[in-house]
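Here are some notes to read alongside the structure, written for someone meeting a sheet of strands early in their studies. Please keep the model in view while going through the points.

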Amino acid sequence: MSPNSLWVSDITYIDTEDGFCYLHLVTDAYSRKIIGWSLSQTLEAKYTVNALRMAIEQTGRDDLQGLIHHSDRGIQYCCDAYVGELNRHHISISMTEDYKPTDNAIAERVNGTIKTEVVYREKRYRNMKEACSRIGRYIAFYNDQRPHYSLGMQVPTQVHGQERQDSRGLSAPCRRASPECFS
């Protein structure tokens, strides 16, 4: 496996004083780098598509043949807009078969890490804008500074940018904020 050979996607909720918001994530399975994300007030598929487009953009390529995209069977991943975006870029589609979280373990692990290391440790966010700002800063930290045991104590950006050397090797960090944060 190498960077941009398998992406995993999932959505998780973030509780705020104003109600729930939803974090849509795309993670590179090889490097564990969060390569696309969006925070929204609804579960509308357009926000999931925004996260996917961010991930595609970071590759700098239009043709991503050979890349597999894996997700659960949520409507956001099955809708015409999302499937169309995957097909436009020649990305193969893989989905869980029976709705078990273990079938998308890497994506679930990233969700859990974000919640454990940032969301649950801080007071409840006032609103989505505050959540977006804090989560965006954490994603930059996660990608650029947080070593991972599963990566030989390297950080995701380092592994994502490496040529395949050892069995773990890994582009520019995804620093752009989700546009929904400021709408």
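1. A good place to begin is the hairpin that S1 and S2 form, with two residues between them. Please bear in mind throughout that this is a predicted model. S1 and S2 pair in the antiparallel sense over ten bridges, and within this pairing aspartate 10 stands opposite leucine 25 in S2.

2. A further hairpin is formed by S2 and S3, with five residues between them, and arginine 32 in its turn has a positive phi of about 65°. These strands run antiparallel and are joined by six bridges, leucine 23 having leucine 39 in S3 as its bridge partner.

3. Strand S1 (residues 6-16) also pairs with strand S4 (residues 68-71), here in the parallel sense and over three bridges, and valine 8 stands opposite histidine 70 in S4. Strands of a sheet pair through backbone hydrogen bonds, either parallel or antiparallel.

4. Taken together, five strands form an open sheet of mixed pairing, in the order S3-S2-S1-S4-S5. Strand S3 (34-40) and strand S5 (92-95) each have a single partner strand and stand at the edges, so one side of each is left without a neighbour in the sheet. On average, neighbouring strands of this sheet are turned by 25° against each other, direction ignored.

5. Two helices lie across S1, S2 and S3: helix H4 (residues 105-119), which runs at about 35° to S1, and helix H5 (residues 128-144), which runs at about 170° to S3.

6. Is S2 largely enclosed or not? Eight of its ten residues are buried, so S2 is largely enclosed by the rest of the structure.

Note on methods. Residues numbered from 1 in each chain as written. Predicted model: local features only at pLDDT ≥ 70, side-chain atom pairs only at ≥ 80, totals over all residues. Heavy atoms only, no water. Pairing = 2+ DSSP bridges. Helix = DSSP H or I, 4+ residues; strand = E, 2+ residues; numbered from the N terminus. Axes fitted to C-alpha atoms, helices over the stretch in contact; angles between N-to-C directions. Contact = heavy atoms within 4.5 Å. Buried < 20%, exposed > 50% of the residue type's maximum accessible area, 1.4 Å probe, protein only.
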